[in-house]
Amino acid sequence: MEDQQIIIRNIEAVQRRIEKACVKAGRCPNEVTLLLATKTVPVEKILIALESGCGIIAENKVQEVREKYTSLAHSPHVNHFIGHLQSNKIKDLLKYNISCIQSIDNFELAEKLDQRLSITDRKMNIYIQVNTSDEESKYGVHPAEALSLIRQISLLKNVQITGLMTIGILSNESEKVRTCFKLLKNLQKQIIEANIPNVSVRELSMGMSGDLEIAIEEGATTIRVGTAIFGQRPTPDSYYWTEYESHNTQ
Ligand SMILES: *Cc1c(COP(=O)(O)O)cnc(C)c1O
């Protein structure tokens, strides 16, 4: 089969999975947004997905944004950023049309982003990435520190917290995965109760190719899917998700 047929077929299959999970959870399918995680995926394949009606894409590395986004600019869509962001790459990232950074997990990064945005009087939505799986190597703020981080960031004028993001534990035991998503949902409740000015965490970005059903059952509003649509990636996820990058790139 051609790339185009495969991608279209895969998108339809994911949409059916979303619908089924929503029915099971008593939710409406249009409460769940499908975001395409496009790391390592070439421009041609991303364009096929955009033409098939997918509206949001996201990269993990500024390098890939730089390589791809100029060629995608003429195809209507929204860009998010979901990878570990080094503060010295913020300036470069902001040259591209990014609407939301989902991976903010420390104050220094938020502050630098805020400063950069203020130069052009620009505002940006951000999500706070939480490490719900308790794996030391993974990015994300520790759940116990999330509320105080959010209070701190809420004082910045040019970034607006609109959601929370997490990567569930990679495990065959669905209850372990579910625990991660429940934790994020509970955190959302706590933050809403805290009623912090300038903060509204209505978005819960959680669930990927392998665990999107569980995430939807636990309240995901955005699921981030790569493999189920574009196929297996050549690089291991540890290259993107953990601090051990240099060991895994070869
Ligand atoms: C790669 C990636 C995804 C998608 O993972 P798949 O298992 O390929 O669906 C989701 N979120 C983040 C942060 C990612 O890096």
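**Figure 1. Residue classes in the shell around the ligand.** By class, the ligand's shell holds 6 nonpolar residues, 4 polar residues and 3 charged residues. The model shown is predicted. Of the 13 residues that surround the ligand, five come nearest: Lys39, Asn60, Ser209, Thr227 and Arg233.

**Figure 2. Close-up of Lys39 and the ligand.** Lys39 is among the residues that come nearest to the ligand. An N or O atom in the Lys39 side chain is 2.6 Å from an oxygen atom of the ligand.

**Figure 3. Close-up of Asn60 and Arg233 at the ligand.** Both residues belong to the group that comes nearest to the ligand. In the side chain of Asn60, an N or O atom is 2.7 Å from a ligand oxygen atom. For Arg233, a polar side-chain atom lies 2.7 Å from an oxygen atom of the ligand. The ligand taken alone exposes 380 Å², and the protein buries 96% of that area.

**Figure 4. The pocket that holds the ligand.** The ligand sits in the largest pocket. Ser209 and Thr227 are also among the residues that come nearest to the ligand.

**Figure 5. The chain around the site.** The chain has 11 helices and 8 strands. Its C-alpha trace spans about 50 × 40 × 35 Å along the principal axes. A compact globule of 250 residues would have a radius of gyration near 18 Å; the chain has 17 Å, so the two agree.

Definitions and conventions:
Residues numbered from 1 in each chain as written. Predicted model: local features only at pLDDT ≥ 70, side-chain atom pairs only at ≥ 80, totals over all residues. Heavy atoms only, no water. Near = heavy atom within 4 Å. Polar contact = N/O pair within 3.5 Å; in protein donor to acceptor, adjacent residues only side chain to side chain. Areas by Shrake-Rupley, 256 points an atom, 1.4 Å probe, with all protein chains shown as cover. 1 Å grid on protein atoms, 1.4 Å probe; cavity = no way out; pocket = protein on both sides within 12 Å on 5 of 7 lines; lining within 4 Å. Sits in = over half its atoms within 2 Å of the grid points. Nonpolar A, V, L, I, M, F, W, Y, C, P; charged D, E, K, R; others polar. Helix = DSSP H or I, 4+ residues; strand = E, 2+ residues; numbered from the N terminus. Rg over C-alpha atoms; globule rule 2.2 N^0.38 Å.
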